[in-house]
Amino acid sequence: MVTQRHLRYVGKDCLVAFDANLYSVPARRVRPRQLVEVRARKSQITLHSTIPDANAETLLVIHRRAVGRGACVVNEKHWDGLPDGRNRRTTTGDVAPQPVIRTHSARRRPAR
């Protein structure tokens with residue numbers, strides 16, 4: 001059984017890009033921009049931490065390998081622990097943007 005091994009970074013959304021596809025990892029076990037090892041076989045992808053946890057385990061998750069390109073293989077339980085955006089500033093779109101009004105005149109710089 002041939003296994004390809006690659007290093008990839010975890011995104012802020014707990015997704016790892018490999019072979020033009022995205023694979024989820026558990027948010028509670030990784031941090032953004034953490035380096036993880038991708039072990040790819042013909043039918044499955046395993047994602048491992050580069051640093052063992054307290055139980056000396058490195059395995060984060062096993063996914064079936066996506067067929068084709070552009071797939072997003074996600075277990076939604078992996079997103080538990082990510083911020084949900086409740087405290088994020090948002091706009092409703094009801095108020096039109098106001099033009100900037102300058103109260104002073106623009107001064108020209110003297111020629112040197």
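The dialogue below reads selected features of a predicted model, one at a time.

Q: In what order do the three strands of the open sheet lie, and what is their pairing?

A: Strands of a sheet pair through backbone hydrogen bonds, and they do so either parallel or antiparallel. In this model, three strands form an open sheet in the order β2-β3-β7, with mixed pairing. Strands β2 (15–18) and β7 (72–73) stand at the edges with a single partner strand each, so one side of each is left without a neighbour in the sheet.

Q: How many bridges join strand β3 to β7, and which residue stands opposite Cys72?

A: Strand β3, residues 21–24, runs parallel to β7 and is joined to it by two bridges. The residue that stands opposite Cys72 of β7 is Leu22.

Q: How many disulfides does a search of the whole structure find?

A: A disulfide is a covalent bond between the sulfur atoms of two cysteines. The search of the whole structure finds zero of them. As for the settings of individual cysteines, Cys14 counts as buried because its relative accessibility is 5%, whereas Cys72 is partly exposed, with a relative accessible area of 46%.

Q: How many salt bridges does the count come to?

A: The idea is to look for a side-chain nitrogen of Lys or Arg within 4 Å of a carboxyl oxygen of Asp or Glu. By this rule the model holds four salt bridges. One of them joins Arg5 to Glu37, with the closest N and O atoms 2.5 Å apart. This pair links distant parts of the chain, since Arg5 belongs to strand β1 (residues 4–9) and Glu37 to strand β4 (residues 35–40), with their positions 32 residues apart in sequence.

Q: Are Arg5 and Glu37 buried or exposed, and which residues are linked with them in a network?

A: The reading rests on relative accessible area, where buried means under 20% and exposed means over 50%. Arg5 counts as exposed because its relative accessibility is 54%, whereas Glu37, at 13%, counts as buried. Arg5 and Glu37 are linked with Arg39 in a network of salt bridges.

Q: Which residue forms a salt bridge with Asp19, and where do the two lie?

A: Asp19 forms a salt bridge with Arg65, and the closest N and O atoms of the pair are 3.0 Å apart. The pair links distant parts of the chain: Asp19 lies in the loop between β2 and β3, Arg65 in the loop between β6 (59–64) and β7, and the two are 46 residues apart. Asp19 counts as partly exposed, its relative accessibility being 39%.

Q: Which parts of the chain does the pair of Asp53 and Arg29 tie together?

A: The salt bridge of Asp53 with Arg29 has its closest N and O atoms 3.5 Å apart. Asp53 lies in the loop between β5 (44–49) and β6, and Arg29 in the loop between β3 and β4, so the pair ties together parts that are 24 residues apart in sequence. Asp53 is partly exposed, with a relative accessible area of 34%, and Arg29 likewise counts as partly exposed, at 39%.

Q: What is the phi of Asp19, and what is that of Ala20?

A: Most residues other than glycine have a negative phi. Asp19, however, has a positive phi near 55°, and Ala20, which is not a glycine, has a positive phi of about 65°. Ala20 is found in the loop between β2 and β3, and with a relative accessible area of 39% it is partly exposed.

Q: What separates the C-alpha atoms of Arg69 and Ala20?

A: The C-alpha atoms of Arg69 and Ala20 are separated by 5.3 Å, although the two residues are 49 residues apart along the chain. Arg69 has its place in the loop between β6 and β7, and Arg69 is exposed, with a relative accessible area of 68%.

Q: How many aromatic pairs does the structure hold, and which charged end sits over the ring of Tyr9?

A: A pair of aromatic rings is described by the distance of the centres and the angle of the planes. The structure holds zero such pairs. The ring of Tyr9 nevertheless has the charged end of Arg33 over it, 4.2 Å from the ring centre.

Q: What does the side chain of Gln34 reach?

A: The side chain of Gln34 reaches the backbone nitrogen of Arg31 at 3.1 Å. Gln34 has its place in the loop between β3 and β4 and is buried, with a relative accessible area of 9%.

Key:
Residues are numbered from 1 along each chain as its sequence is written. This is a predicted model: local features need pLDDT of at least 70, side-chain atom pairs count only at pLDDT 80 or more; totals for chains, interfaces and linings use all residues. Side-chain values use heavy atoms; hydrogens and water are left out. Two strands pair if DSSP finds at least two bridges between them. Helices (H or I, at least four residues) and strands (E, at least two) are DSSP runs, numbered from the N terminus. Buried means under 20% relative accessible area, exposed over 50%, partly exposed in between (1.4 Å probe, protein chains only). A disulfide is a pair of cysteine sulfur atoms within 2.5 Å. Rings of Phe, Tyr and Trp (its six-membered ring) pair if their centres lie within 6.5 Å; planes under 30 degrees apart count as stacked, over 60 as edge-to-face and the rest as tilted. A charge sits over a ring if NZ of Lys or CZ of Arg is within 6 Å of the ring centre and within 35 degrees of the ring normal. A polar contact is a pair of N or O atoms within 3.5 Å; within protein, one must be able to donate a hydrogen and the other to accept it, and residues adjacent in sequence count only if both atoms are side-chain atoms.
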